[in-house]
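Here are my notes on the model, set out as numbered points for reading alongside the coordinates. Please follow them with the structure open.

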Amino acid sequence: MVGAACALYAARAGLDVILVDRGPVAGGTTGAGEGNLLVSDKEPGPELHLALLSARLWSELAQELGAAVEYEPKGGLVVAPTPDGLTALARLAAGQRAAGVRTVPVDASELHALEPHLAPGLAGGVLYPQDAQVMPTLAAAHLARASGARLETGRTVTRVLRGADGAVRGVRTDRGDLLAPAVVNAAGTWGGEVAALAGVPLPVLPRRGFVLVTEPLPRRIRHKVYAADYVADVADDSAALATSPVVEGTAAGPVLIGASRERVGFDRSFSLPVVRALAAGATRLFPFLDDVRVMRTYLGFRPYLPDHLPALGPDPRVPGLFHACGHEGAGIGLATGSGQLIAQALTGGTPELDLTPFRPDRFAEEATA
């Protein structure tokens with residue numbers, strides 16, 4: 001998704017673009033995503049600014065692609081089971097509101113007007129009208145098509161070509177060289193491997209997550225609904241398993257249930273304990289799901305960087321190399337803003353957000369400190 005967005009905005013900035021993927025469109029992490037476009041789960045800071053920019057750009061793209069990519073501006077509802085949890089959520093929402101996020105406090109008595117099938121006894125919540133959703137595989141395909149970029153799928157990059165001066169000259173692939181004065185590394189969870197092909201380290205690690213898909217249902221869940229502890233799980237540095245209930249309906253009818261996070265490398269093994277934990281968390285939020293069948297599960301690998309910020313922008317170690325990877329579980333939502341910023345950097349303009357917090361070489365500086 002991020003690569004497709006970079007291609008779209010670079011092409012609209014007047015550049016000739018080749019989009020290279022060793023698999024099919026959305027054959028990696030994008031195809032294993034839920035399609036979330038969220039501001040609600042971002043703490044105040046650089047990622048939230050990127051999320052707000054991306055939300056605006058997604059809204060603009062929805063004017064031309066909305067129905068085709070199943071864009072739904074349905075909003076997010078974050079709920080707190082306890083009064084202490086609600087106090088912490090209100091504190092987070094206040095900081096987000098100061099950064100430009102629209103937030104609506106929701107009393108316990110008002111929750112069921114928003115979500116009639118929610119479990120009783122919750123302390124309250126916050127409504128985030130800017131949260132939205134797309135169908136990620138459709139969105140990636142349509143962004144790539146709208147870019148007009150030359151699409152090279154099933155083609156593996158084996159080396160980033162560099163001249164005698166160290167600057168990028170293109171890439172070598174298993175089907176020949178592709179020459180260009182700039183290369184954008186938008187390889188997601190495999191971004192560290194692509195960076196290594198250019199001779200620079202980038203510590204992207206996979207963080208595995210499962211999603212449950214139910215049988216098709218009439219629309220009973222109106223928003224993306226999740227428990228307040230999900231935000232803490234996203235920001236957690238632990239490699240251990242963390243699960244928190246995230247539940248949402250889709251335009252096609254099935255309910256999607258997440259979210260789990262664990263660092264187990266690229267282990268694609270099915271984990272019954274994780275799936276059970278996700279199902280239990282979902283039924284705590286929506287008891288009617290007890291009687292609903294799960295039709296399938298799938299997993300993906302979020303591209304994790306140690307400080308939970310993506311690598312975004314030019315790499316000062318290699319002239320002509322740009323990075324747009326490491327977005328963890330937010331790559332679908334942050335794709336548009338990332339693509340716009342990359343296009344602005346590629347064309348010599350001033351990116352509309354400060355890219356300093358996203359510098360690709362920031363980890364090398366820490367390692368030598």
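1. I begin with the aromatic residues, where ring pairs link Trp190, Phe266 and Phe301 into a cluster. Please keep in mind throughout that this is a predicted model. A search of the whole structure finds 4 aromatic pairs, and two of them are described in the points below.

2. Trp190 and Phe266 form a stacked pair, with 5.5 Å from centre to centre and 15 degrees between the planes. The pair links distant parts of the chain, 76 residues apart: Trp190 belongs to the loop between strand E11 (183–185) and helix H6 (191–197), while Phe266 belongs to the loop between strand E15 (255–261) and helix H8 (272–285). Are these two rings buried or partly exposed? Trp190 counts as partly exposed because its relative accessibility is 21%, and Phe266 is likewise partly exposed, with a relative accessible area of 39%.

3. Phe210 and Phe270 make up an edge-to-face pair, with 6.4 Å between the centres and 90 degrees between the planes. Phe210 lies in strand E12 (residues 205–214) and Phe270 in the loop between E15 and H8, so this pair ties together parts that are 60 residues apart in sequence. Phe210 is buried, since its relative accessible area is 2% and the cut-off for that label is under 20%.

4. Turning to the strands, I would look at an open sheet of 3 strands in the order E8-E9-E10, with antiparallel pairing. Its edge strands are E8 (157–162) and E10 (176–179), each of which pairs on one side only. Neighbouring strands of this sheet are turned against each other by 25 degrees on average, with direction ignored.

5. How many bridges join E8 to E9? There are 5 between E8 and strand E9 (residues 168–173), and the two strands run antiparallel. In this pairing Val157 stands opposite Thr173 in E9, and Arg162 stands opposite Val168 in E9. The hairpin of E8 and E9 has 5 residues between the strands, and in this hairpin Gly166 takes a positive phi near 90 degrees.

6. On the other side of the pairing order, E9 and E10 run antiparallel and are joined by 4 bridges, with Gly170 standing opposite Leu179 in E10. The hairpin that joins E9 to E10 does so through 2 residues.

7. A separate position to inspect is Thr336, which is found in helix H9 (residues 331–346). Thr336 is buried, with a relative accessible area of 0%. Leaving aside residues up to four places away in sequence, Thr336 touches Ala5, Tyr9, Ser54, Leu57, Trp58 and Leu61.

8. Finally, for the chain as a whole, the model has 10 helices and 18 strands. The radius of gyration is 20 Å, close to the 21 Å that the globule rule gives for 369 residues, so the protein chain is as compact as a globular protein of that length. Along its principal axes the C-alpha trace spans about 65 × 40 × 40 Å.

9. Of the 369 residues, 54% count as buried, and the protein chain exposes about 15,200 Å², of which carbon and sulfur atoms supply 55%. Among contacts in the protein chain with a separation of 6 or more, residues 24 or more positions apart account for 75%.

Definitions and conventions
Residues are numbered from 1 along each chain as its sequence is written. This is a predicted model: local features need pLDDT of at least 70, side-chain atom pairs count only at pLDDT 80 or more; totals for chains, interfaces and linings use all residues. Side-chain values use heavy atoms; hydrogens and water are left out. Two strands pair if DSSP finds at least two bridges between them. Axes are lines fitted to C-alpha atoms, for helices over the stretch in contact, and angles run from 0 to 180 degrees between N-to-C directions. Rings of Phe, Tyr and Trp (its six-membered ring) pair if their centres lie within 6.5 Å; planes under 30 degrees apart count as stacked, over 60 as edge-to-face and the rest as tilted. Buried means under 20% relative accessible area, exposed over 50%, partly exposed in between (1.4 Å probe, protein chains only). The radius of gyration is taken over C-alpha atoms; the globule rule is 2.2 Å times the number of residues to the power 0.38. Contact means heavy atoms within 4.5 Å. Accessible areas come from the Shrake-Rupley method with a 1.4 Å probe; for residues, only the protein chains shown count as cover.
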